[in-house]
Amino acid sequence: MSYVYVGGFLAPFDIAIVVLALCGCLSLTLWDENYGDQRKRDTKSSQSTNSLSDDAGPSNSTGESCLSGFSGAARVVWSNNEIRLAGIISSLFEGSMYVFVFMWTPAINTDDEEDPPFGFIFSTFMVCCMAGSSFFSVLTSEHSMFQIKTEAIGIGIFATSAILFGIMAMSTSTSLTFGCMNVFEVTVGMYFPTMGILKSQIVPECQRSAIYNIYRIPLNFIVLMSLLTDLTPSQSFGVCFLMLSLATFLQWKLMLQRSSGNNGSIWYVERPSVVDEEQDENIDIQAKTPLVNSV
């Protein structure tokens, strides 16, 4: 009886274990820890996070333990509503995304004798995800007259995703379900740059890594619940519909909170026209021109 099995579908994963272990050993021996230059901190970032750092205690340093850094980041998340909302929103959407990863295969796998072309389907998902990232660049382009705010784009992403999951939960057509899946992948491609910008603006840089780890706790809980419960694809998509509906509401609250005190629109940033820019340049030139006393 042989205790070593060679070949099969799991062979690439077995090879990946060896490669990852080798990479880990090389990282431990060849890489040095990058603590950054504490003397060159951005003034604006330090001013905006000064109050947060006071609530969390001393910032992370070389000798600070992981436990104290984690507890300080937890106090920051608890005391700041924007940071807390960003974490809940990202956990709800990414949790729905992982549930989709688990359930898309049985959702489109019909009772026909021939299996669907899963490779081509997955390739289509990746193309749609790339298209979503490109569409985000168009919406936030600096050359457009109106630049849509990142918070408003987030509302559109979460609301659209909730509608798509609601359709997939009630759909009996494989073609309709597959179409909704492709559109959802477009929203996934738009989500990552959107949430990346929001987190960079909201989460203080001095405790960003610890706070991001805290964000993973509810996300992992959602993923575990989806794996431990024996839900059908329709039931799982229904749960995702509820989570994304909640994410849409929380994103609306976050946008209102971040837009409070601003006189402009909460949906877009109006850019000055070319005529206004030329007038501003003429005013600057006139202001810089020295006055000549006429005799």
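Arg216 comes out as partly exposed, with a relative accessible area of 38%, on a scale where buried means under 20%, exposed over 50% and partly exposed in between (1.4 Å probe, protein chains only). The Arg216 side chain meets that of Glu94 in a salt bridge, 3.8 Å from N to O; the term covers a side-chain nitrogen of Lys or Arg within 4 Å of a carboxyl oxygen of Asp or Glu. Distant parts of the chain are linked by this pair, since Glu94 sits in helix α5 and Arg216 in helix α9, 122 residues apart. Helices here are DSSP runs (H or I, at least four residues), numbered from the N terminus. Glu94, for its part, is buried, at a relative accessible area of 10%. The model is a predicted one, so local features need pLDDT of at least 70 and side-chain atom pairs count only at pLDDT 80 or more, while totals for chains, interfaces and linings use all residues. Residues are numbered from 1 along each chain as its sequence is written, and side-chain values use heavy atoms, with hydrogens and water left out.

The salt-bridge count comes to three. Glu151 pairs with Arg258, the closest N and O atoms being 2.6 Å apart. That pair spans 107 residues of sequence, from Glu151 in helix α7 to Arg258 in helix α10. Arg258 also forms a salt bridge with Glu82, with 3.4 Å between the closest N and O atoms. Here the partners are 176 residues apart, Glu82 being in helix α5 and Arg258 in helix α10. Through shared partners, Glu82, Glu151 and Arg258 end up in one network. As for accessibility, Glu151 is buried at 9% and Glu82 is buried at 19%, whereas Arg258 counts as partly exposed at 23%.

Glu151 turns up again around Gln251, a residue of helix α10. Gln251 is buried, with a relative accessible area of 0%. Leaving aside neighbours within four places in sequence, Gln251 is in contact (heavy atoms within 4.5 Å) with Ile89, Glu151, Gly154, Ile155, Phe158 and Leu198.

Phe158 leads on to the nonpolar core, meaning a set of buried Ala, Val, Leu, Ile, Met, Phe, Trp, Tyr and Cys residues joined through side-chain atoms within 4.5 Å. The largest such core has 49 residues, and Phe93, Phe158, Phe165, Met181, Phe184 and Ile211 touch the most other members. Two or more residues each come from α4 (66-79), α5 (81-108), α6 (118-139), α7 (150-170), α8 (174-202), α9 (208-228) and α10 (233-259). Of these elements, α5 gives the most, with twelve residues. In soluble globular proteins, nonpolar side chains tend to be buried together. Phe93 shows what the surroundings of a core member look like: leaving aside neighbours within four places in sequence, Phe93 is in contact with Ile157, Phe158, Ser161, Phe184, Thr187, Val188, Tyr191 and Leu244.

Aromatic rings are another theme. Rings of Phe, Tyr and Trp (its six-membered ring) pair if their centres lie within 6.5 Å, with planes under 30 degrees apart counted as stacked, over 60 as edge-to-face and the rest as tilted. By this rule there are 14 aromatic pairs. Trp104 and Phe125 make an edge-to-face pair, because their ring centres are 5.1 Å apart and their planes stand at 80 degrees. With Trp104 in helix α5 and Phe125 in helix α6, the pair ties together parts that are 21 residues apart in sequence. Both rings belong to buried residues, Trp104 at 10% relative accessibility and Phe125 at 1%. Ring pairs also link up into a cluster made of Phe93, Phe100, Trp104, Phe118, Phe125, Phe158, Phe165, Phe178, Phe184, Tyr191, Phe192 and Phe237. Elsewhere, Lys199 lies over the face of Tyr212, 5.1 Å from the ring centre; the criterion is NZ of Lys or CZ of Arg within 6 Å of the ring centre and within 35 degrees of the ring normal.

Disulfides, taken as pairs of cysteine sulfur atoms within 2.5 Å, number zero in the structure. Cys23 is in none, the nearest cysteine sulfur being that of Cys25, 9.3 Å away. Cys23 counts as partly exposed at 40% relative accessibility. For Cys129, the closest cysteine sulfur is in Cys128, and at 8.8 Å it is too far for a bond. Cys129 counts as buried, at 19% relative accessibility.
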